Amino acid sequence: MSTAAQPTQVRDEQEFERQPEPYKTAVRKIVRSHAVNELYGAQVFDEPAIALAPTPYAKWLTCRVAMEEYGHHVRFRELGEKIGIPQAEMLPAGKKPLSIFEFPMTTWAEFCVIKLLADMAEILQVEDLATCSFHPLRNLARMTMPEERFHAQFGREFCQELCKTAEGKQAVQDAIDRYFPMLPAFFGADGSANNAKFRQFGIKQRKNEEMRADYLKRAKELVEELGLTLPTLPKAA
Ligand SMILES: [Fe+2]
Ligand SMILES: [Fe+2]
């Protein structure tokens, strides 16, 4: 735990307006990034996955996941509008989405692995925001959390299901081998100046490198639970 002075708590959008410009810029950066990435993820992964789902039951749950991911975008965008982020900046065309969305998903096994690994990464981010000094963002993170947990659980259960057959297990391992190397970068650079500001303002709690280390530990446990392995990452990751 930090020994620094407690950061100011910002209870609503009116109080937000009165905060120093660097605080407002930092909060807007996070809200903008979530609005863009939730939408882009829904467009490139969750919605197309409905067509890949093998059974009516799997399609039903995938529809629910897609609905919730679009819902996350809508909620973050609504908050963004209240704190002065131009609408265009909250769309993938206005701001480049993260590289984890560049994975070319073409199979159901790949989608299940994306939910298993990427939504676990998202859970860590949302956990970190759940004690954020800007309360509307904190509340949004708390509201989003059970849904992100459902997505990760969805990934885990469908991966378990696939792993019951030899080909399924091979397909899941293969998707993990290709997708997992994209994930460590999701947490940002070590020693990031942006992250230092987020922590100074009490917007985020942990360093990028701490979150990444925690993620790698949790991802390893998750994958080993399936009887699979994580690929070795290149040194720079
Ligand atoms: Fe989400
Ligand atoms: Fe999710």
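Start by selecting helix α3 (residues 56–82) together with helix α5 (residues 135–162): these two pack at an angle of about 160°, and their axes lie 11 Å apart. That angle is over 145°, which means α3 counts as roughly antiparallel to α5. Keep in mind as you go that this is a predicted model.

Now turn the pair until one helix sits in front of the other. Which hand does the crossing of α3 and α5 have? It is left-handed.

Next, show side chains along the contact. On the α3 side, pick Ala58, Leu61, Val65, Glu68, His72, Arg75, Phe76 and Leu79. Facing them from α5 you'll find Pro136, Leu137, Leu140, Thr144, Glu147, His151, Phe154 and Phe158. Color these by type and the contact of α3 with α5 splits into 10 nonpolar, 3 polar and 3 charged residues. Glu68 and Arg75 are the α3 residues to look for among the charged ones, and Glu147 is there from α5.

Hide that pair and move on to helix α4 (residues 108–129) and helix α8 (residues 208–225). Here the packing angle is about 140°, with the axes 10 Å apart. An angle of about 140° does not get over the 145° cut-off, so α4 is classed as oblique to α8. As for the hand, α4 and α8 make a right-handed crossing.

Bring up the side chains again. From α4, select Leu116, Leu117, Met120, Ala121, Leu124 and Asp128. They meet Met211, Asp214, Tyr215, Arg218, Ala219 and Leu222 of α8. How many polar residues does the contact of α4 with α8 hold? None: it divides into 9 nonpolar and 3 charged residues, with no polar ones. The charged residues are Asp128 in α4, plus Asp214 and Arg218 in α8.

Time to zoom out and switch to cartoon for the protein chain. What you see is 8 helices and 0 strands. Walking from the N terminus, the elements read α-α-α-α-α-α-α-α. The radius of gyration is 18 Å, close to the 18 Å the globule rule gives for 237 residues, so the chain is as compact as a globular protein of that length.

If you draw a box around the C-alpha atoms along the principal axes, it comes out at roughly 60 × 35 × 25 Å. Color by burial and 36% of the 237 residues count as buried.

For a last stop, turn to the contacts in the protein chain. Counting those with a separation of 6 or more, 76% join residues 24 or more positions apart. The α3 and α5 pair where you began is a good place to return to, with Ala58 and Leu61 among the α3 residues that meet α5.

Notes: Residues are numbered from 1 along each chain as its sequence is written. Chains are lettered from A and ligands numbered from 1 in the order in which they are written. This is a predicted model: local features need pLDDT of at least 70, side-chain atom pairs count only at pLDDT 80 or more; totals for chains, interfaces and linings use all residues. Axes are lines fitted to C-alpha atoms, for helices over the stretch in contact, and angles run from 0 to 180 degrees between N-to-C directions. Helices (H or I, at least four residues) and strands (E, at least two) are DSSP runs, numbered from the N terminus. Angles under 35 degrees count as roughly parallel, over 145 as roughly antiparallel, 65 to 115 as roughly perpendicular and the rest as oblique. A crossing is left-handed if the near helix is turned anticlockwise from the far one by less than a right angle, and right-handed if clockwise. Two residues are in contact if their C-beta atoms, placed from the backbone, lie within 7 Å. The radius of gyration is taken over C-alpha atoms; the globule rule is 2.2 Å times the number of residues to the power 0.38. A residue is buried if 20 or more other C-beta atoms lie within 10 Å of its own, exposed if 12 or fewer, and partly exposed in between; C-beta atoms are placed from the backbone.
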